[in-house]
Each structure stands twice: as structure tokens, then as C-alpha cells.
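Okay, everyone, thanks for squeezing me in. Have a look at the structure I'm putting up, and then I'll walk you through a few bits of it.

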Amino acid sequence: HTRYGTVTGVQTCALPISATPDRAVFLDGNRMRVTDAFSGLLIAQGDKSEEVVPAQENKPRPRVPVYDLALQRPLEDEARYYVIAGFPKPAQTSEPLKENELLAYDKLTGARIWSSDDFHEGDAGYKEVTFLASPTLSGERLLAPVLREGAYALQCIERSTGKPLWCTRVHAGGTPYFKAPGTRVELIGGIAYMLTNAGVLAAIDTFAGELRWLRRYERRHPLREPAKIKKSSSRDRGGFFGASAQFSEQSLPSFLPSDLLVAGGTIIFAPCDGNVLLCIDGASGEPVWMIEAESKHAPFGRIRYLVGANSRNLYAATENDLVCVGLQSGIVRWSLKLPKAAPESTRWRGRGVVLENQVIMPGHREILVVDSENEGQRGWQNVALPAFDLSEPLGGPCNLFIAGPWLGVSYPEGVEVYSTAAALQQLALAETDVRRKAVLLVQAEIGRAHV
């Protein structure tokens, strides 16, 4: 499916943190793969199928990559990896689109520890539960947005066993989607913030599951004239997310799925069912500022998704521009035209990352780097991704992930991992294993030779 270009959600690279800093974890279909970030050698894997359900005309897919972005990301703690597996084969009806399971795997061996399918029965079981995004760690618990019996809710799970602890209902209905795109839960102190993408942002106590407040967010700017609504044809109605027998993957009309961003006690989000980018006070739920997704006065066109934020600014992307917005003011500070994508690419180039002083966006076999401190005045720096000696380099749109010295580039067909020569040398200085230290130093020298 090429409406948004890339299926990089099918294989998502998550470069882990302190416990195992040199591993890359990603989903290959429904199968978890754990590889050495330095060598790419397989260390462990899950027990689900790696087959990817292809797009077929008039047949629903269990996963649509851009739509299901939040379901594709592995999570880790000190002992386990957590992933969500979808329905494993093509579907004839819409019901399998709601079938998925949360799995926990041992971090050392890759053996399955538990599955949400182990707790199907009972009033608190997962029989009528659809996971909408990968979970978030909260002490000894996991918090995940779910659909439970048709209602959007926050599910709390004991992470060592998978046992359901409590589930707080947020609301039902309020969306034209068959199931609204999910967004990972974010935490501030003891409060979990859940975006339903169906009209509501909720603040919930992480310990007791008590609802603190609900915000029925603005879908259109209250001080702007409403846009003319195009009447949908009979062909448009009942598409991929409708209830009829016809299934077609349609364009998402507003923002593409984006993460919730937490900044200084505020929550920033771009809802998939709205046309306003919002900043909400985390304590009261009241709006701090809001920006229209599209304005006739904006030279950069329609904002499609959030790239990320640093300590000063928020960064969003249109189809052709990077847009910088002040975190506290909500004022657009500057925009920068993105280099034109390669002819073989679609209009969707993939997702970038935000560092404290740089914003990095994907290009064609390159990354595009802009210095965010000087408001983009120096333009883009094009950094080519080196070719591999033993295999054909991957191509097309991609998503970028950064953790420590590692850059993960996730393509439709696979994952590539890079590091700079300086970063490899720093790793070597901290390495206690003599053989591995020698390999890191050799690779650092090879990296310098390629520059």
C-alpha cells in the first residue's frame, strides 16, 4: 500500500537503553527479532509468524502500517521485551482487525513468558480487549490504551505475569473509525495521559485508576471560520474503517498518527480526528495554545504529523516542509523546505527524530540534518548512508530512531543500523571484553576510511 509511501511500521527498530545498550529490537511481521546492534547477528526471537499480510483489493489487513504506528514499537524493562502481535492472516470480515495480543518475552533467551491470551476469561479478562498501542512502563505495571467491549479505556497490567489489574473506561463512540488509531500513554508524575483519537484526552491516576479529568478537545479552531465540509459519496462511505462489506484503505483526512509529547507540565498532541494541534495544561486539562493544521496564511501547507520536541521548540512536518513552533507560545518560529524526494519514492518520506540541537529527517539513502539552534538558516546538511559490502542497501522511505551511539533506519524490507567512528571509539574505551574492544576499534578505523 503506497498511499503514505512506506510500510516501515511493519519493522520498527527500537534501540534499547542501559541494560542491553548494543541490541536492536524490532518486529518482523508479528515476530520479535533481537539482534546485536553492532554486527546484526540474531540473538533471540519470538515465536510468532514473520509473514506479513499483503495488501489485497477489497480485503482488510490486520495492520495498516501508518495507521498502526503505535502498535509496532517493542518495549523493554530490565528482564523482558513486550510486543503486540496482530491477526496473523488475511481477513474476510472486519472482526479480525480487532484481534491482537500483548506478549512478554525473556530478555536473555527470547522465550515467551506470558501472553494476554492467557487471561481471556472472567470479567477483567482480555477476551473483549483490543490493544491500540504498545504499553508504557509505570513501576511494576504496564499501562496500555485499549478498546474494551467497544469503549476506549486504559488497561493496567502486572508486568511480571500479564495479569489484568484494573481498567478505566474513558468513553465510547465519537469516531468514524472502525477503531481509532492508537497513541502510547505518557506519564507525568503519577498521572497517565491517554489520547483516544476519538475526541477525548484523559488524565488517569496511575495507581488507583481513578479518572482525574477528561478533555473533549477542539477538533476545529474555535476562533476560525469552519471549513466547508465535502459531502462524501456512497463510494467513500463504508471504507476500510466502516461497517459495510467493502474495504478500501483511504487517506487519513487529518493528522497522521503521532506521539503525545510531554513538555514542562503540558501535553502536546495532534489528534487524528481533528484539524487543530493542541497544547493542554497537564494539571487542569485547559488549553494553553492551539494551531490550525492548515491555514491560508501559512506558506508551508498542511501540518501532517509531529516529529518531536527539544527543550525549546516543537517540530512538525508537512509533505514538503519542517515547521518549528515555540513550545511555550505556540507561535510558528520558522519553516524550512525539505529537499525533494527521489523519483522512486512516494510523497511520504518517513519519520525523523529531534535532538537537542539538531533535527534529522530521512532522505533517499541519506539523512537530512538541520542545526535547530540557528533557526534553520544554514539549511539542510545531506549525510549519505554508506553502502554495505555484503548485501544490497535498502531503499525508499524510512523511519529514523536514535539511541546513544546508534542510528536505526527502518525500511519496508528491513532495518539498517549505523554508528559514527567517534561513537564506536567511545564504545571501545568502555568495553571490558578485549576481543570485542579490538573489533570496535577496527570498525572505527574502517568508518574513518569511508568518510
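So, β1 and β2, where β2 is residues 31-36: these two strands pair in the antiparallel sense, over six bridges. This is a predicted model, by the way. If you want one pair to click on, take D28, whose bridge partner in β2 is R31.

Zoom out a little, and you get an open sheet of three strands, ordered β1-β2-β3, with antiparallel pairing. Which strands sit at the edges? That's β1, at 23-28, and β3, at 42-45, each pairing on one side only. From one strand to the next, the twist averages 25°. And a quick reminder: strands in a sheet pair through backbone hydrogen bonds, parallel or antiparallel.

Next, cysteines. How many disulfides does a search of the whole structure find? Zero. Take C167: the nearest cysteine sulfur belongs to C156 and is 9.5 Å away, whereas a disulfide would need the sulfurs within 2.5 Å, so C167 is in none. C167 is also partly exposed, at 31% relative accessible area. C324, on the other hand, counts as buried, because its relative accessibility is 0% and the cut-off for buried is under 20%.

Last thing, the empty space. There are seven cavities of 30 Å³ or more, and the largest has a volume of about 170 Å³. That one is lined by 14 residues, with N30, E51, V52, V53 and R63 nearest its centre. What's the lining like by class? Seven nonpolar, four polar and three charged residues.

Definitions and conventions
Residues are numbered from 1 along each chain as its sequence is written. This is a predicted model: local features need pLDDT of at least 70, side-chain atom pairs count only at pLDDT 80 or more; totals for chains, interfaces and linings use all residues. Side-chain values use heavy atoms; hydrogens and water are left out. Two strands pair if DSSP finds at least two bridges between them. Helices (H or I, at least four residues) and strands (E, at least two) are DSSP runs, numbered from the N terminus. Axes are lines fitted to C-alpha atoms, for helices over the stretch in contact, and angles run from 0 to 180 degrees between N-to-C directions. Buried means under 20% relative accessible area, exposed over 50%, partly exposed in between (1.4 Å probe, protein chains only). On a 1 Å grid over the protein atoms alone, a cavity is a set of points where a 1.4 Å probe fits but cannot get out, and a pocket is an open set with protein on both sides within 12 Å along at least five of seven lines; lining residues have an atom within 4 Å of a point. Grid points are joined across faces, edges and corners, and a volume is the space filled by probe spheres set on the points. Ala, Val, Leu, Ile, Met, Phe, Trp, Tyr, Cys and Pro count as nonpolar, Asp, Glu, Lys and Arg as charged, and the others, Gly among them, as polar.
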